Amino acid sequence: MKITKDLYQSNLVLLTDFYQLTMAYAYWKSGKGEQEAVFNLFFRKNPFEGGFTLAAGLDYVVDFCKNFKFEAEDLSYLREMKQKDGSPVFESGFLDYLKGLKFTCDIDAVEEGTVVFPNAPLIRVKGPLIQCQLLETPLLNIINFQTLIATKAARINLAAQGAPVLEFGLRRAQGIDGALAASRASYIGGCTSTSNVMAGKLFGIPVSGTHAHSWIMSFETEIEAFEAYAEAFPDQCVFLVDTYETLHGVKNAIKVGEILRSKGKEMVGIRIDSGDLAYYSVQARQLLDEAGFPNAKIVASNDLDEHIISSLKTQDAAIDVWGVGTKLVTAFDQPALGAVYKLSAVKNAEGVWEPKVKVSQQSLKINVPGIHTIKRYFSNGKAVADMIYLEGQEIDPKGVVIIDPNDATRRKRLMPAFYKEEDLLKPIFKQGELVYQLPSLAAIRERSNLQLEAFDKTHKRLINPHTYPVGLEENLHHLRMELVLKANKFEDEA
């Protein structure tokens, strides 16, 4: 994946918030720039009021980190920045430091296509403070969006109950970058194809598409338009039937389908893009079947999302394929995931790691301290709970207690000896060197499917999903509470 280079032909190290650079400068100025730290990227709530989230975007993260460096043009731009009094924002010594800066961080992350939950790190970054800080904004930019879209796509595909979902949101997407990333994430989430030809070229996603209403309108009659299209694409005719009157359009499609059949070809199907999709699909199915086209597919579009698809399913709509655009690629009902990137530990002058916690009046915003990781437990192939625990900690196989990070009354006792387990954080970079073999996009998509199958359907339902147990191991919970109380005591004394 070289999408950043393909689009901009330059390094993207300045794709960051300005305050990351001012903090980096202040770290350097205070002599803390090389102090080691650990940051975690995580989110606080599943999107779309759902019961799960699907991780995506790691491939972009790898590409960004592999190309992380300050080039001459970047430094020239920073050198020209001035404060209000006309003095440079950054000293030349700091810019010289950036010039020689080499990416040396350790990065551990959940693999793309993994089902994930609030408070557990999707990415853990360990390294010099300056480098960790400079990675914050780009990593959030990448993971927030692609994870959000992959999750939306997964929800839509679950609603479709195995019927193909075509993504064609390019024209409504948030710019070029958003369109390409959305097509990729939608494929990870289960869509079978995209209308985005560039996404097809760059990522190997199957592309699909038929014709628009303008094709029909450019001819004197609808049937002439269908005949001309059949002449051009005799093996892949899907006729858009609602330009004028939908059921009359279906009848015209049948007429042209009969002409195709006389030539040894077969009409693939029709598409309905407006009106009462439940009613028209049922009527169209009846017409097609009576005319001897039981295998012709009915494709539906028109501002669909998982809720509309679910409703149409309950109405017994005769729809075989779903075309989804705007509400998928823009995450229409929740435009941001809200993932954050928080410091959780620093190494002191004696070389000892000190856990750090951010205190808030909202329990939701109190981060998990220390260098922690995630373990998922399975029983009979089904995921039963995720445990967040301190790295290197011995886990008692006879029993552990996990505690909900936001509600200490919600606890679950596990006996690890009776479960299969998986460590979710995988090594991606070690001391700046890539140690992870990036899977193909098709393999990521397959992982998504297998991951979702491992969760009970109650966690995947669209409305009021059952909460999947994710908790802090008891010792980590106590550490967190201890640090919060210590911070509050310090504030009272101050």
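This report describes a predicted model, going from its annotated domains to its cores, its aromatic rings and a few single residues.

**Annotated domains**

Two domain annotations come from an unreviewed UniProt entry. The one called "domain: Nicotinate phosphoribosyltransferase N-terminal" covers residues 14-144. In the model, that stretch is 41% helix and 16% strand, and its end C-alpha atoms lie 18 Å apart. The other, "domain: Nicotinate/nicotinamide phosphoribosyltransferase", covers residues 167-348. Here the chain is 45% helix and 14% strand, with 50 Å between the end C-alpha atoms.

**Nonpolar cores**

In soluble globular proteins, nonpolar side chains tend to be buried together. The largest nonpolar core of this model has 135 residues. Within this core, F70, L135, F239 and W322 touch the most other members. Helix α6, residues 129-160, supplies the largest share of the core, with 17 residues. A second core, separate from the largest one, has 7 residues, including Y377, A385, M387 and I402.

F239 shows what surrounds one of these core residues. Setting aside residues up to four places away in sequence, F239 touches H211, F226, Y229, A230, A253, V256, L260, M267, G269, I270 and R271.

**Aromatic rings**

A search of the whole structure gives 21 aromatic pairs. A pair of aromatic rings is described by the distance of the centres and the angle of the planes. Two of the pairs are set out below.

| Pair | Distance of centres | Angle of planes | Arrangement |
|---|---|---|---|
| F68 and F70 | 6.2 Å | 80 degrees | edge-to-face |
| Y279 and Y280 | 5.2 Å | 70 degrees | edge-to-face |

Planes over 60 degrees apart count as edge-to-face, so the 80 degrees between F68 and F70 puts that pair in this class. The 70 degrees between Y279 and Y280 does likewise for that pair. F68 and F70 are both buried. Y279, in contrast, has a relative accessibility of 42% and therefore counts as partly exposed.

Aromatic residues also gather in a group: F18, Y25, W28, F90, F94 and Y97 form one aromatic cluster.

Charged side chains meet rings at two further places. The charged end of R261 sits over the ring of F293, at 4.0 Å from the ring centre. The charged end of K327 sits over the ring of F332, and the distance to the ring centre is 5.4 Å.

**T194 and G200**

T194 is part of strand β7, residues 193-194. With a relative accessibility of 1%, T194 counts as buried. Its side chain reaches the backbone nitrogen of N196 at 3.0 Å. Apart from residues up to four places away in sequence, T194 touches E167, S183, A199, G200, I205, P206, V207 and S208.

G200, one of those contacts, belongs to helix α8, residues 197-203. G200 is buried, with a relative accessible area of 16%. Not counting residues up to four places away in sequence, G200 touches T194, I205 and V207. The C-alpha atoms of G200 and K251 are separated by 33 Å, and these two residues are 51 residues apart along the chain.

**E112**

E112 lies in the loop between β3 (106-109) and β4 (115-116). Is this loop residue buried or exposed? At 5% relative accessibility, E112 counts as buried. The side chain of E112 has a polar atom 3.2 Å from the backbone nitrogen of D59. A polar contact of 2.8 Å also joins the side chains of E112 and R184. Both D59 and R184 appear among the residues in contact with E112 once its neighbours within four places in sequence are left aside. The others are A55, A56, G57, L58, Q146, I188, I444 and R447.

**Two asparagines with positive phi**

N380 is a residue other than glycine with a positive phi, near 55 degrees. Its place is in the loop between β14 (372-379) and β15 (382-390). N380 is exposed, with a relative accessible area of 79%.

N464 is not a glycine either, yet has a positive phi of about 45 degrees. This residue is found in the loop between α16 (457-460) and β21 (470-473). N464 is exposed, and its relative accessible area is 62%.

Terms used:
Residues are numbered from 1 along each chain as its sequence is written. Side-chain values use heavy atoms; hydrogens and water are left out. UniProt positions are given in the numbering used here, feature names are shortened, and annotations may be inferred rather than shown by experiment. Helices (H or I, at least four residues) and strands (E, at least two) are DSSP runs, numbered from the N terminus. Rings of Phe, Tyr and Trp (its six-membered ring) pair if their centres lie within 6.5 Å; planes under 30 degrees apart count as stacked, over 60 as edge-to-face and the rest as tilted. Buried means under 20% relative accessible area, exposed over 50%, partly exposed in between (1.4 Å probe, protein chains only). A charge sits over a ring if NZ of Lys or CZ of Arg is within 6 Å of the ring centre and within 35 degrees of the ring normal. A polar contact is a pair of N or O atoms within 3.5 Å; within protein, one must be able to donate a hydrogen and the other to accept it, and residues adjacent in sequence count only if both atoms are side-chain atoms. Contact means heavy atoms within 4.5 Å. A nonpolar core is a set of buried Ala, Val, Leu, Ile, Met, Phe, Trp, Tyr and Cys residues joined through side-chain atoms within 4.5 Å.
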